[in-house]
Amino acid sequence: MSNKTSRVKPADSELKEKLVTLNRVAKVTKGGRTFSFSAIVVVGDGNGTVGHGLGKARDVSESIAKAVDDAKKNLVVVPIIKGTIPHDQKGKYGAGKVLIKPASEGTGVIAGGAMRAVLESAGIHNVLAKSQGSSNPHNVVKATIDALSKLRNPYDIARERGISMEKLYNG
């Protein structure tokens, strides 16, 4: 059993971008302060494909454009069943730890800022999520993508084991 993340070509679908964080950074030189911007962007088609990217530039719009280009290079596919995820999953990146749980219809996306952007871009409509550890948006976004990429589709698991879906769920 391999746990490869399935990558997607960006031209396959219409991707919507969502800005997670825009950070102004100052570099102090002998001529004064030089400001630049770093942007974290999440892109997704709302149908199980999501990616994140980081862009840095002297100009806000240029940094966002760079982040979108980077995000389109880091796309992963997420299994979505009836608007939620198939099972509980933990994700980790650096000190950022996240926990995502499936939720029943009508629950909505219960998650913090950076996680909410990732989950909504992926097209998940009902989910419970908790960010544990670092609240740094970089780490939270990457930990959420890590958790989503670890999710496995129950149809694939049943096929690998050679059993029916009923047997998979009922033991």
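This briefing describes the nonpolar cores, one buried threonine and one strand pair of the structure above. The model is predicted. Its largest nonpolar core holds 24 residues, and a further core of eight residues lies apart from it. Strands β1 and β2 pair in the antiparallel sense.

**Largest nonpolar core**

- The members that touch the most other members of this core are Val50, Ile100, Leu119, Ile124 and Leu148.
- At least two residues of this core come from each of β6 (96-102), α2 (113-122), β8 (127-133) and α3 (137-150).
- Helix α3 is the greatest contributor, giving six residues to this core.
- Leaving aside residues up to four places away in sequence, Val50 has contacts that include Val42, Val43, Leu75, Val76, Val118, Ile145 and Leu148.
- Val50 also touches Gly44, Asn74 and Ser121, among others.

**Second core**

- Apart from the largest core lies another of eight residues, including Leu15, Ala67, Val68 and Ala71.
- In soluble globular proteins, nonpolar side chains tend to be buried together.

**Thr144 in helix α3**

- Thr144 lies in helix α3 and has a relative accessible area of 0%, so this residue counts as buried.
- The side chain of Thr144 reaches the backbone oxygen of Val140 at 2.7 Å.
- Beyond residues up to four places away in sequence, Thr144 touches Val98, Met115, Val118 and Leu119.

**Strands β1 and β2**

- Strand β1 spans residues 16-29 and strand β2 residues 32-44, and 13 bridges link the two in the antiparallel sense.
- Within this pair, Leu22 stands opposite Ala39 of β2.
- The connection from β1 to β2 is a hairpin through two residues.

Notes: Residues numbered from 1 in each chain as written. Predicted model: local features only at pLDDT ≥ 70, side-chain atom pairs only at ≥ 80, totals over all residues. Heavy atoms only, no water. Core = buried A, V, L, I, M, F, W, Y, C linked by side-chain atoms within 4.5 Å. Buried < 20%, exposed > 50% of the residue type's maximum accessible area, 1.4 Å probe, protein only. Helix = DSSP H or I, 4+ residues; strand = E, 2+ residues; numbered from the N terminus. Contact = heavy atoms within 4.5 Å. Polar contact = N/O pair within 3.5 Å; in protein donor to acceptor, adjacent residues only side chain to side chain. Pairing = 2+ DSSP bridges.
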